Amino acid sequence: MSDPAPHRRLACIPCTKAKRKCSKQTPSCRRCVEKKVVCRYPAPRITPPYDLVFTSDGAVQVSVIPTPSSDTNPLPSPSSQIEQIHTEASRPVAAETIQNPWFLSPSSWSIDHKTGPIPSQIYFSDEALTFFINQLHSWLKQWTTEGHCPFIHSQLWRIHLPECIQDAFTSIATYHTKTPATERTVLRIIENRVNNLVEGQNPSTEGDFGVIMIDPACHLARTQALLIYKIIRLFDGDIRARAQAEKHIDTLSLWARQMWQSASLSLTDDQLKPPLDRVNDGPVDTQLRTDGSLTSTWQAWIFSESIRRTYLTATLTEAVYMTLKQGWAPCPGGIIFSAGEGLWKAPSPFTWLNHVQENLINTVRCVDGENLFARAKTSDVDEFCHATLIVSYGLERYDRWRNEKT
């Protein structure tokens, strides 16, 4: 079998933005070298099929490339998708979980602003605020000591560790070992790294242009990094750190929205994407796709769930801080995420699938807590779900649920 033709390299982002011819060299094209700017190329393998339409005033719009309708299933046939995995009970894998995973459905990326009893403006209790802030700090410390936390999966960055994530990791590790004598220095280092992160992005990342010029993995990395810095500086207690962090609250909100939109857009037309030609038995590959195998589906779930949890953590962090300042915050809306106990910490695709098959609860929409309270016990959902329920419904309601279901 002959190898597939290589993808034609696109022009770099700075040349595209300036509407200049690009030499398309790596690691930097000639124009970027001459201009002394960072040369960055889009990632065509996971960028969705959209055209950039530039108007006379320099604005940019997104135009979806139309495709002929087809009944062809982009995934392998059901017979090739169903792997027989012998567990202690010798049960076959559930075909539906592998063939049509819910998290790769475009409808699963909708944000519900109406479901549930939570109003458009939410008021967190003091106990819930304190609990959530303490949880955020404990999660960051867990990441530096155990290599994972409830919104950063242990497998997520094992193949490729983005530079911004490296900087965030070293920053939080240094922050947790600071002393009164080094505290000021540590906060200055963090401030410089935040500024470098924000200033290193394309300044014209508003709207559709900012969504499609960066692939979902890059969106996730930069949003996680800025979120980590935001948690440190907003709740540290240092006046300057808090003031500096407030300057980038809108940036974090923008990046989180763009990350979500990028993930949603990448699922709009799977038929135009080249087929996956391998099964990676290693850590997660940052694509919202599956070749129909269990391992590939598990990897896609890790990437999908990382985006969902990062988005939810970012929006809740902003809401908590706004409540501390003004007593209320706008409700960010409800998204679906995986809440079943054992799913996030599953060390292998086989363990993950066993939990999917055996759990009473696997997914939750974060504004539909009352329905969850009626159907499940606290032991049915994981730590991340507990934290979102407490901050959204209060410790008193959570404790009542825990006592009712014991």
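This briefing covers two helix packings, two individual residues and one loop in a predicted model. The protein has 406 residues, of which 50% count as buried. Its secondary structure comprises 16 helices and six strands. Among contacts with a separation of 6 or more, 71% are between residues 24 or more positions apart.

**Helix 9 and helix 11**

- Two packed helices are described by the angle between their axes and the distance between the axes.
- Helix 9 spans residues 216-234 and helix 11 spans residues 249-265; their axes come within 9 Å and cross at roughly 150°.
- Because the cut-off for roughly antiparallel is an angle over 145 degrees, helix 9 counts as roughly antiparallel to helix 11.
- The crossing of helix 9 past helix 11 is left-handed.
- On the helix 9 side, the contact is made by P216, H219, L220, R222, T223, L226, L227, K230 and L234.
- On the helix 11 side, the residues are I249, T251, L252, W255, A256, Q258, M259, S262 and A263.
- By class, the contact of helix 9 with helix 11 has 11 nonpolar, five polar and two charged residues.

**Helix 12 and helix 13**

- Helix 12 covers residues 294-326, and helix 13 covers residues 349-358.
- The axes of helix 12 and helix 13 are 9 Å apart and make an angle of about 75°.
- Angles of 65 to 115 degrees count as roughly perpendicular, and helix 12 and helix 13 are therefore roughly perpendicular to each other.
- Helix 12 contributes L294, T295, T297, W298 and W301 to the contact, while helix 13 contributes P349, F350, W352 and L353.
- These residues divide into seven nonpolar and two polar, with no charged residues in the contact of helix 12 with helix 13.

**T297**

- T297 lies in helix 12 and is one of the residues that helix 12 brings to the contact with helix 13.
- The relative accessible area of T297 is 0%, so T297 is buried.
- From T297 to P349 the C-alpha to C-alpha distance is 8.3 Å, although the two are 52 residues apart in sequence.
- P349 is among the helix 13 residues in the contact with helix 12.

**R365**

- R365 belongs to strand 6, which runs over residues 363-365.
- The relative accessibility of R365 is 18%; since the cut-off for buried is under 20%, R365 counts as buried.
- A polar contact links the side chain of R365 to the backbone oxygen of G334, at 3.0 Å.

**The loop between helix 1 and helix 2**

- Most residues other than glycine have a negative phi.
- K19 is not a glycine, yet has a positive phi of about 60°.
- K24 likewise has a positive phi of about 60° and is not a glycine.
- K19 sits in the loop between helix 1 (13-18) and helix 2 (30-35), and K24 is also found in the loop between helix 1 and helix 2.
- K19 has 52% relative accessibility and counts as exposed, because the cut-off for exposed is over 50%.
- K24 has 33% relative accessibility and therefore counts as partly exposed.

Methods:
Residues are numbered from 1 along each chain as its sequence is written. This is a predicted model: local features need pLDDT of at least 70, side-chain atom pairs count only at pLDDT 80 or more; totals for chains, interfaces and linings use all residues. Side-chain values use heavy atoms; hydrogens and water are left out. Axes are lines fitted to C-alpha atoms, for helices over the stretch in contact, and angles run from 0 to 180 degrees between N-to-C directions. Helices (H or I, at least four residues) and strands (E, at least two) are DSSP runs, numbered from the N terminus. Angles under 35 degrees count as roughly parallel, over 145 as roughly antiparallel, 65 to 115 as roughly perpendicular and the rest as oblique. A crossing is left-handed if the near helix is turned anticlockwise from the far one by less than a right angle, and right-handed if clockwise. Contact means heavy atoms within 4.5 Å. Ala, Val, Leu, Ile, Met, Phe, Trp, Tyr, Cys and Pro count as nonpolar, Asp, Glu, Lys and Arg as charged, and the others, Gly among them, as polar. Buried means under 20% relative accessible area, exposed over 50%, partly exposed in between (1.4 Å probe, protein chains only). A polar contact is a pair of N or O atoms within 3.5 Å; within protein, one must be able to donate a hydrogen and the other to accept it, and residues adjacent in sequence count only if both atoms are side-chain atoms.
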